[in-house]
Amino acid sequence: MTVVSGSRRAGPDPGPPAADPRSPDRAVPHPGAAARGASRPSVALVVLACVLGACMLVPIGYIVSVVFDIGWPTLSRLIFRPRVGDLLRNTVLLVVIGVPATVVLGVGGAWLVERTSLPGRRGWAIVLVAPLAIPAFVSSYGWGSTVPSVEGLGGALLVTTLAYYPLVYLPAMAAIRGLDPALEESARSLGLGSWAVFARVVLPQLRLAVLGGGLIVALHLLAEYGAFAFIRFDTFTTAIVVQYQSTFAGPAAGALGVVLATLCLTLLVAEASARGRLRYARIGSGAPRPPVPVRLGRATPLAVGAVAVTGAAAVGVPLTSVVRWLAAGASWTEPELPAALAQTAVLAGGGAILAVLVAFPTAWLTVRHPSRLSRAVEGMSYVASSLPAIIIALALVTVTLRTVPSLYQTAFTVMLAYVIIFLPRALVSLRSGIAQAPESLEEIARSLGHSPMAARARVTLPRLVPAMTAGAALVALGAANELTATLLLAPNGTRTLATQFWSAASAVDYPAAAPYAMLLILLSVPAVALMFVHSRKVPAR
Amino acid sequence: MTALSVAGVTKAFGHVPVLREVSLVVPAGTRTAIVGSSGSGKSTLLRLIAGFERADAGEIRLGDRALTAPGSFVPAHRRGIGYVAQDGALFPHLTVEQNIRFGLPRRARHTSRVRRVMELVSLDPELSGRYPHQLSGGQQQRVAVARALAPGPRVILLDEPFSALDTGLREQTRQAVVDALEQSAVTTVLVTHDQDEALTFGHQIGVLDGGRIVQSGPPAAVFDDPVTVDVATFLGAAVLLPAAPAEGYADCALGRIPIRHDHSGAGRRAQALLRPDQIQVTPNSGPPNAVVDKVQPRGSYAEITIRTVADDTTRVTLRVPIHQAADYRASLPVSVRVAGGCVLYPLG
Amino acid sequence: MARRPLALLTAGLAVAALSLSACSDSGGDVPDDALVVYNAQHEQLTKEWADAFTKQTGIRVILRNGSDSELGNQLVAEGKDSRADVFLTENSPAMSLVERAKLFAPLDKATLAQVPERYRPSSGLWTGIAARSTVFVYNPDKLSASELPKSIMDLADPAWKGRWGAAPGGADFQAIVSAILKLKGRDATAAWLTGMRQNAKIYRNNIATMQAVNAGEIPGGIIYHYYWFRDQDGTKEQSGNTKLHYFKHQDPGAFVSVSGGGVLASSRNKEKAQQFLAFITGPTGQEILGKGYSFEYPVANGAAANPALPPLDSLEAPAIDPSTLNGTEVIDLMTDAGLL
């Protein structure tokens with residue numbers, strides 16, 4: 001799992017503190033309300049945010065420079081060849097089949113656990129999100145090392161659908177919980193049956209969640225390396241890695257990168273235009289009382305079976321496989337293990353702190369001083385992190401080698417890659433934290449005699465600590481699982497859990513890979529728990 | 001204690017003017033309520049006084065000290081002006097006591113001061129260890145007021161502090177807060193959209209409309225003599241009837257009524273303002289001069305719409321206690337009498 | 001008390017981030033006097049060498065692992081700024097690549113004297129350190145001895161469609177292709193690669209290829225010999241159902257690939273680097289090849305290969321000067337053929 005972000009669209013996005021609807025003075029848009037929010041951010045802050053935003057664009061700049069450096073004749077020779085056609089076909093098939101499959105599993109699962117009489121639905125709700133804790137490349141190893149026939153397009157679809165459907169499931173669940181049950185009840189009173197209510201009332205209200213989740217799944221499919229490499233399925237990302245291994249950061253890798261980046265940006269644009277004005281449609285203020293669950297009746301065994309099979313395939317098989325290889329003589333005492341754990345902790349921890357620092361100015365600007373500029377800066381971060389890790393890594397290798405050799409293959413550069421890849425996780429957390437620390441509290445503190453900075457420190461900061469911690473944790477846990485960029489950027493001699501796992505799994509030394517796989521899974525659990533709790537929070541009142 | 005004065009204050013957000021040359025004097029130790037509808041700029045006025053925003057023009061002074069003036073601006077934390085927000089804005093991570101202590105200087109953070117202001121706003125001392133989310137809405141507002149009072153500010157600003165409370169709680173909380181303000185004799189400005197609240201709150205009322213203070217003065221005087229029809233209707237239920245002024249009287253559908261105040265500018269055509277409780281209707285006493293059009297029960301009272309015999313086109317709606325509603329029915333001839341005088345405005 | 005607590009906090013976090021990155025730089029890894037080896041050889045083998053070398057000399061060795069062409073191209077890209085002291089490969093084309101970029105320092109005469117001339121380039125800028133032979137691994141259940149290919153060139157025939165596998169993404173196979181290029185010329189090689197794209201199933205590496213043959217997914221595959229012998233020596237899980245076929249007769253498929261080692265001209269620890277090369281081509285280093293985990297052929301000092309292996313001389317390999325193999329052209333040809 002490389003790109004973020006179940007939480008990007010999935011997570012709650014409270015925006016600026018809502019006006020109290022009971023006050024007529026605030027309920028009507030105040031003529032000054034918007035302008036007031038935009039009041040004078042300090043110049044230094046704006047400059048800082050812009051500079052950081054621009055840094056996030058390094059990978060895009062790299063792609064553009066590849067186009068210019070290689071020149072069109074060479075580029076077109078490298079792009080318009082049968083191999084690229086194969087890769088394109090593979091990648092497109094993967095997205096076109098994989099995304100709908102994850103949507104079916106994700107939305108269906110969310111509906112079953114939230115709105116039906118499914119027995120034990122609280123437990124199933126957790127089972128269904130659990131695959132997120134298993135990095136896709138570990139899941140691929142679990143399947144591939146147990147069932148050798150899992151390979152090619154079919155295998156890739158199986159593994160990634162099971163690994164990524166929670167990215168739709170989580171936002172769908174959050175959206176369903178936010179729906180006003182009165183709508184469904186009205187529909188029922190108008191004579192619609194359960195299925196018709198689901199299709200005509202629930203589904204249309206989930207469009208935003210499905211679009212957002214689907215986009216994230218698609219970006220993950222484009223970015224995934226390990227899962228596909230392991231089961232012999234070629235996509236642009238795997239082909240770039242192979243080219244990198246054959247020619248380092250040469251033109252052929254760059255050319256494939258140009259195509260891949262174009263695919264990603266196309267997806268972003270497509271999703272944005274499909275969303276259109278939906279973006280502004282707010283989902284209702286939430287359920288005042290729990291909805292009456294749809295009775296499954298005779299369909300109950302079928303529903304339980306479906307959920308159980310999904311859980312077994314997505315969690316059971318990989319986990320059993322890891323445990324089996326562990327039992328088959330894995331060694332927990334290898335000296336590399338603690339070293340890899342320590343280096344993973346340093347890199348992921350450093351990346352997390354850096355990400356929070358980088359996200360801070362942007363998050364502050366977008367919440368406290370919303371303007372076209374702040375939205376643009378925020379947008380840059382999202383676009384940059386939508387690019388596959390392999391492109392971000394190629395860009396950083398090339399840029400550091402050419403312009404700042406002192407940063408070339410240093411821990412700092414690895415952390416920088418983590419920041420670019422996982423920044424939205426920190427941004428989303430910080431934004432909601434800052435929004436929950438409204439400026440009005442600072443104003444009160446100032447009226448009580450505290451200078452603006454002191455007011456921030458005593459009132460706002462304590463409220464931000466949980467958000468900063470959560471953001472950092474999400475980044476750190478994502479970074480600990482990161483494989484592709486780490487492979488390319490790690491300093492000499494540095495091995496992380498993910499790269500150690502990968503070198504063992506690549507050498508078909510399955511038992512040796514098992515302890516790392518287990519650690520990677522354990523490390524992911526807290527992040528998934530955080531995301532799960534976040535999605536289940538019914539918007540206050 | 002010092003008087004607060006606002007002179008010619010103007011403020012715009014972008015190209016949207018919010019306040020235009022607002023002037024106001026709040027004498028030391030008194031309470032002033034600013035009333036206005038949504039978007040009238042009343043919250044902005046308060047924020048300018050508090051120092052959260054800068055005025056585009058004009059001056060704000062506290063006694064001799066210029067807080068906002070051309071070329072000088074005292075930031076919020078040096079003004080010594082307390083502020084109570086609409087939702088209380090209690091610091092959620094601090095207890096009641098810590099909230100109240102928040103503005104006290106380090107050496108003055110004895111609990112005695114905290115206890116004193118808690119008593120002042122009638123807060124149970126046992127609440128001091130609670131967190132804001134463990135308090136009721138009314139308690140939260142009292143803590144907010146106590147917090148603002150604790151450092152002994154010269155001025156306190158209240159931004160619709162009661163509007164989020166339930167009706168019953170609201171009256172009780174308001175009384176407790178007014179008592180506390182009275183005892184500490186602090187200069188107070190309250191903004192509200194609730195006319196009754198504004199009229200009962202203090203010594204002075206200011207009506208803000210379209211970014212201007214259109215009228216100010218003691219509540220009774222302003223209510224008695226609104227300078228415009230808009231102010232009149234904004235401050236309370238009004239009956240407006242076309243009237244012809246004549247030598248201190250106005251002739252209208254309800255007969256000849258003495259003029260208390262005349263704002264009509266001596267035009268031939270005018271309208272007369274009456275308050276519904278000035279109009280008394282009786283079913284069977286005296287000569288009938290009107291006919292009941294319809295009767296609509298409204299809970300504790302009933303609305304009776306009548307048309308006068310003299311002018312069939314004029315409808316007047318007035319109220320009677322619900323227990324008398326049974327005395328009326330449509331087409332019943334009634335006798336209508338007007339007590340007191342009217343205020344005259346130009347028509348249209 | 002802090003007057004600007006937010007700024008202080010930010011500064012604190014920044015310091016924390018910097019010191020974390022600093023400690024991972026220094027604490028983990030690259031002290032100036034440690035020997036940095038860009039290692040494309042099997043990590044396990046180089047670790048055996050490095051550990052023995054450290055034990056003998058006390059010099060710390062740090063490995064950066066990668067593949068031949070990746071690290072070779074990386075050295076070229078890094079140029080004089082590279083932190084690498086030593087470069088070890090599995091095959092010679094990547095060595096030639098770095099040699100052509102003039103990045104190698106001449107090796108000590110004594111080191112060169114340990115290695116027979118046919119296993120090193122005449123330039124003396126690098127040396128062979130081990131050798132491995134191309135083999136055709138096959139599953140006797142799927143392929144009888146009479147059906148075995150006579151030459152590696154046969155595998156491009158339509159008759160072999162879907163019946164063999166290889167790992168063209170790896171440097172091993174690319175070295176084999178460079179031998180074909182050297183022996184048969186550009187056009188024949190391009191044609192052969194096109195045939196391969198039609199016929200071959202593509203695997204990630206030699207082990208995966210051998211495993212597929214073992215599982216009967218494909219009848220045969222092109223790999224290097226030592227993967228088979230290592231597994232035979234161990235669990236036989238991945239090779240129990242397979243046999244090896246040697247092409248012999250100076251066929252391109254009988255190609256013996258020379259693994260190389262060299263010292264970078266930009267090295268800041270040249271003396272230690274020379275010492276390391278002398279060590280691995282010396283008696284102890286070559287003995288590790290013969291006795292250790294690797295099952296590769298020793299090339300220097302007359303050290304004995306693992307007795308399980310057929311003698312190197314019996315393989316009838318084509319005579320190819322290791323320094324003449326061209327990796328870049330091979331990669332271009334393979335890219336054009338759609339294999340990369």
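Which way do B:I81, B:G82, B:Y83 and B:V84 point from strand 7 of chain B, and are they buried or exposed? Okay, quick tour, and keep in mind that this is a predicted model. On strand 7, residues 81-84 of chain B, B:I81 and B:Y83 go one way, B:G82 and B:V84 go the other way, and all of them are buried. The neighbour here is strand 8, residues 155-159 of chain B, which runs parallel to strand 7 and is joined to it by four bridges. If you want a pair to click on, B:G82 has B:I156 in strand 8 as its bridge partner.

Now hop along chain B to strand 13, residues 249-252. Side chains in a regular strand alternate between the two faces of the sheet. Here that goes along with burial: B:A250 and B:C252 share a face and are buried, while B:Y249 and B:D251 point to the other face and are not.

Strand 13 of chain B has antiparallel company. Strand 12, residues 239-246 of chain B, connects to it through three bridges, with B:A246 sitting opposite B:Y249. Those two strands make a hairpin with two residues between them, and B:E247 there has a positive phi near 45 degrees. Then there's strand 14, residues 255-262 of chain B, antiparallel to strand 13 over four bridges. That's another hairpin, again with two residues between the strands, and B:D251 faces B:R256 across it.

Still in chain B, we get an open, antiparallel sheet of five strands, in the order 16-20-17-18-19. Strand 16 (279-282) and strand 19 (315-321) are the edges, each pairing on one side only. From one strand to the next, the twist averages 40 degrees. At the strand 16 end, four bridges tie that strand to strand 20, residues 333-338 of chain B, and B:V281 stands opposite B:V336.

Last stop, chain A. The domain assignment splits it into domain 1, which is 96-236 plus 275-327, and domain 2, which is 328-541. Their centres, over C-alpha atoms, are 25 Å apart. So how many residues are in contact between the two domains? On the domain 1 side we have 28, against 29 from domain 2. Who supplies the domain 1 side? Helices 9, 11, 14, 15 and 18 of chain A each put in at least two residues; helix 18, for one, covers 300-327. By type, that side of domain 1 comes out as 21 nonpolar, five polar and two charged residues.

That's my tour, thanks.

Note on methods
Residues numbered from 1 in each chain as written. Chains lettered and ligands numbered in written order. Predicted model: local features only at pLDDT ≥ 70, side-chain atom pairs only at ≥ 80, totals over all residues. Buried ≥ 20, exposed ≤ 12 C-beta atoms within 10 Å, placed from the backbone. Pairing = 2+ DSSP bridges. Domains from an automatic or database assignment. Contact = placed C-beta atoms within 7 Å. Nonpolar A, V, L, I, M, F, W, Y, C, P; charged D, E, K, R; others polar. Axes fitted to C-alpha atoms, helices over the stretch in contact; angles between N-to-C directions.
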